[in-house]
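Colleague: Hi, I'm new to this one. Could you put it up and walk me through it?

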Amino acid sequence: NSSFHYENLFKQETKPFLKPEAFLVGVCGGSASGKTSVCREIIRQLKGKKVDIIAQDWFYKPLTKEQRQDSANYNFDSPLAIDLDLLAEKLRELKKGKVVQCPDYDFVSHSRTKKTHQVSGDVILIEGIFTFETKELRDLYDMKIFVDVDSDIRLSRRILRDTSERGRTINGVIEQYFRFVKPGFENFVAPKRKFSDVIILRGSSNIVAINLLLDRIKAELQNHKPQKQIPFIYNRYSKDLE
Ligand code: ADP
Ligand code: C5P
């Protein structure tokens, strides 16, 4: 039958979840859209389960001394600012069911710290503005979520967060936003929305959407064969959210 079926345009390959592998959930969206908050809420609700999180921000490339002295002119909203190859390498290991060590990043000094994040689990949430940037990354996820929140809300949240947590001034945050963050969002992040399976409007306030995701992840955890060889260390964030 050579007739045209429009359904074929939307046909998606559903990858079977090979049981001993980790189930990877990519979470993308603009800065301060609530990616971390959505992931923390999922982890909080799955306390005691083998669910862990990776922040793409841990993979920011450390600045050189010269770049640090002129950090206001550095573009952190370009995919080139992040070691996405190292992130993909860690995800490939996690997918095989391994325990991985990830770098840590300090937003105040724009550098890696001595700390590392040990990550493992049956379900891993990976959140960040460039998590859907490359096909290599996108192909690694079993589910892709885009957190979609209006830009004025994101800018307001970012001003509050970056002045209280990331050592910035209000003027600095606003200048950086219009010079780098907004163009970066429009050029790289927003066009990746089309690759997502699910779009969460209103971020962590969207309880209905979060509950739907939780149901899906719980079903995945039930299907998962226990991996005796992997010691699960702790449920990240569950402690400070009690
Ligand atoms: P992202 O990880 O996308 O950058 P975060 O989850 O870190 O976003 O949220 C950015 C800021 O906005 C944080 O200070 C957080 O507390 C706040 N925030 C996130 N979601 C909400 C919400 N639904 N209501 C109010 N504030 C929120
Ligand atoms: O957590 P969030 O998704 O907001 O993190 C990404 C943002 O962090 C980027 O928009 C980038 O401008 C900002 N950033 C920064 N300083 C750094 C590294 C990243 O302001 N040293």
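Modeller: Sure, let's talk through the two ligands and the pocket, and keep in mind that this is a predicted model.

Colleague: Where does ligand 1 sit?

Modeller: Ligand 1 sits in the largest pocket.

Colleague: And which residues are around ligand 1?

Modeller: The residues around ligand 1 include G30, A32, S33, G34, K35, T36 and S37. Further along the chain, E127, R157, R161, S204 and S205 are also among them.

Colleague: How does that shell divide into nonpolar, polar and charged?

Modeller: There are one nonpolar, seven polar and four charged residues in the shell around ligand 1.

Colleague: What lies 3.2 Å from a nitrogen atom of ligand 1?

Modeller: That's a polar side-chain atom of S204. On the oxygen side, an oxygen atom of ligand 1 is 2.8 Å from an N or O atom in the K35 side chain. An oxygen atom of the ligand is also 2.9 Å from a polar backbone atom of A32. On its own, ligand 1 has 550 Å² of accessible area, and the protein covers 69% of that.

Colleague: Which elements give two or more residues to that shell?

Modeller: Those are α1, spanning 35–45, and α5, spanning 151–164. The most comes from α1, with three residues.

Colleague: Switching to ligand 2, which residues are closest?

Modeller: S31, D77, H110, R158 and R161 are the closest of the 17 residues that surround ligand 2. By class, the shell has seven nonpolar, three polar and seven charged residues. Both α5 and α6 (170–189) supply at least two residues each.

Colleague: What are the polar partners of ligand 2, say for D77?

Modeller: An N or O atom in the D77 side chain is 2.5 Å from an oxygen atom of ligand 2. For Y105, a side-chain N or O atom is 2.8 Å from a nitrogen atom of the ligand. Q176 has a polar side-chain atom 3.1 Å from an oxygen atom of ligand 2. The protein covers 98% of the 470 Å² of accessible area that ligand 2 has on its own.

Colleague: Where does ligand 2 sit?

Modeller: Ligand 2 sits in the largest pocket.

Colleague: OK, what volume does the largest pocket have?

Modeller: About 940 Å³. It is lined by 36 residues, and the closest to its centre are T36, D57, F107, R161 and R166. The elements giving two or more residues to the lining are α1, β3 (100–106), β4 (111–119) and α5.

Colleague: How many of the lining residues are charged?

Modeller: The lining has 15 charged residues, along with 11 polar and 10 nonpolar.

Notes
Residues are numbered from 1 along each chain as its sequence is written. Chains are lettered from A and ligands numbered from 1 in the order in which they are written. This is a predicted model: local features need pLDDT of at least 70, side-chain atom pairs count only at pLDDT 80 or more; totals for chains, interfaces and linings use all residues. Side-chain values use heavy atoms; hydrogens and water are left out. A residue is near a molecule or strand if one of its heavy atoms lies within 4 Å of it. A polar contact is a pair of N or O atoms within 3.5 Å; within protein, one must be able to donate a hydrogen and the other to accept it, and residues adjacent in sequence count only if both atoms are side-chain atoms. Accessible areas come from the Shrake-Rupley method with a 1.4 Å probe; for residues, only the protein chains shown count as cover. On a 1 Å grid over the protein atoms alone, a cavity is a set of points where a 1.4 Å probe fits but cannot get out, and a pocket is an open set with protein on both sides within 12 Å along at least five of seven lines; lining residues have an atom within 4 Å of a point. A molecule sits in a cavity or pocket if more than half of its atoms lie within 2 Å of its grid points. Helices (H or I, at least four residues) and strands (E, at least two) are DSSP runs, numbered from the N terminus. Ala, Val, Leu, Ile, Met, Phe, Trp, Tyr, Cys and Pro count as nonpolar, Asp, Glu, Lys and Arg as charged, and the others, Gly among them, as polar. Grid points are joined across faces, edges and corners, and a volume is the space filled by probe spheres set on the points.
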